[in-house]
Amino acid sequence: MAPKVWLIGAGPGAADLITVRGMRLLQEADCVLYDALVQPEMLTYCPQAELIDVGKRCDLASTQQAFINKMLVDAARKHSRVVRLKGGDPLLFGRAQEELRALNAAGIAYEIVPGITAALAASADAGVSLTSRGLARNVLFATARVGHGEDPSDWVRPVLAADTSVLYMGVKQAAEVAAALLAGGMHADTPLLIVENASLPSKREWPLTLAELPQAANWQLQGPAILLIGEVYRAKLALAATPQAKLA
């Protein structure tokens, strides 16, 4: 059997949110290279496979992308069925394109299995539609984070123009995000929602305003968090206690 790699979206956290196709391929895999955010429960779906941790962890020891690319190619040359298990959806802020280029260069076949991204899980947890009728006709997925060696991107203008925006990897940069949006003209009372550990039993959420966002940079969150912005969260904000009280 010719070697093949499947890039599978593990989803936002909960092990049972992986697709049926993704689970079937895990159960058939010879080798699985998995991200840091993949829940241990999901790895029980593939007890027959060699497991390789290639996780990236913010501000902690992480596997370099070039090394991940090499390990993926090496695994495909050793095994017939290799799974690259990536948190959320592989093609959304997952650096999948770099891995696909490495596979293409090595002449290794691949297939992509999409997954549920954190924005959708956070919205489901909050019970708020990203496109609530009369308030939002468009949604933007963006990140303010700039990787090593990358040029800064103009993420502010698209966020200002969108009805609902979702910022990935933005909570630790909360003060910088708030300053940039305020400088761009976004109102200080714009409603936001921070969701931590979307889809997991440990999920938590904090409605707040743009003016209150800088304080979130000091919160000691225990899991991945996502920032949602827009008028669709106004009702959440009206019902909420102060962010400080909710965090305590």
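Two strands are said to pair if DSSP finds at least two bridges between them. Helices (H or I, at least four residues) and strands (E, at least two) are DSSP runs, numbered from the N terminus. The structure described here is a predicted model, in which local features need pLDDT of at least 70 and side-chain atom pairs count only at pLDDT 80 or more, while totals for chains, interfaces and linings use all residues. Residues are numbered from 1 along each chain as its sequence is written, and side-chain values use heavy atoms, with hydrogens and water left out.

## The parallel sheet

Five strands form an open sheet with parallel pairing, in the order E3-E2-E4-E1-E5. Strand E3 (50–53) and E5 are the edge strands; each has a single partner strand, so one side of each is left without a neighbour in the sheet. From one strand to the next the twist averages 20°; here axes are lines fitted to C-alpha atoms, for helices over the stretch in contact, and angles run from 0 to 180 degrees between N-to-C directions. Strands of a sheet pair through backbone hydrogen bonds, either parallel or antiparallel.

The table gives three of the strand pairings, each with one pair of residues that stand opposite each other.

| Strand pair | Bridges and sense | Residue pair |
|---|---|---|
| E1 and E4 | 7 bridges, parallel | Val 5 and Val 82 |
| E1 and E5 | 5 bridges, parallel | Lys 4 and Ala 109 |
| E2 and E4 | 4 bridges, parallel | Val 32 and Val 83 |

Strand E4 is mostly covered, since 6 of its 7 residues are buried. Buried means under 20% relative accessible area, exposed over 50%, and partly exposed in between (1.4 Å probe, protein chains only).

Two helices are placed against this sheet. Helix H3 (residues 65–78) packs on it and touches E1, strand E2 (31–34), E3 and strand E4 (81–87); contact means heavy atoms within 4.5 Å. The direction of H3 makes about 150° with that of E4. Helix H4 (residues 96–105) lies across E1, E4 and E5, and runs at about 170° to E1.

## Helix H5 and the loop before it

Thr 117 is found in the loop between strand E5 (109–113) and helix H5 (118–126). With a relative accessible area of 6%, Thr 117 is buried. Not counting residues up to four places away in sequence, Thr 117 touches Gly 88, Asp 89, Leu 92, Phe 141 and Tyr 168. With Tyr 168 there is also a polar contact between the two side chains, at 2.5 Å. A polar contact is a pair of N or O atoms within 3.5 Å; within protein, one must be able to donate a hydrogen and the other to accept it, and residues adjacent in sequence count only if both atoms are side-chain atoms.

Within H5, the buried residues are Ala 119, Ala 121, Ala 122, Ser 123 and Ala 126. The elements that cover them include strands E6 (139–143), E7 (164–168), E8 (191–196), E9 (204–209) and E10 (225–230), together with helix H8 (234–239). After H5 comes Gly 127, whose phi is positive, near 70°.

## Nonpolar cores

A nonpolar core is a set of buried Ala, Val, Leu, Ile, Met, Phe, Trp, Tyr and Cys residues joined through side-chain atoms within 4.5 Å. The largest such core has 24 residues, and those with the most contacts inside it are Val 159, Leu 181, Ile 194, Leu 213 and Leu 227. Two or more residues each come from E6, helix H6 (156–161), helix H7 (174–183), E8, E9 and E10. H7 gives the most to this core, with 4 residues. Beyond its neighbours within four places in sequence, Leu 213 is in contact with Ala 174, Val 177, Ala 178, Leu 192, Ile 194, Leu 208 and Leu 227. A second, separate core has 19 residues, including Ala 10, Ala 15, Leu 43 and Leu 85.

## Cysteines and Arg 21

The structure holds 0 disulfides, a disulfide being a pair of cysteine sulfur atoms within 2.5 Å. For Cys 31, the nearest cysteine sulfur is that of Cys 46, 9.7 Å away. Cys 31 is buried, with a relative accessible area of 0%, and Cys 46 is buried as well, at 1%.

Arg 21 is situated in helix H1 (residues 20–28). Arg 21 counts as partly exposed because its relative accessibility is 44%. Apart from its neighbours within four places in sequence, Arg 21 is in contact with Glu 111 and Val 113.
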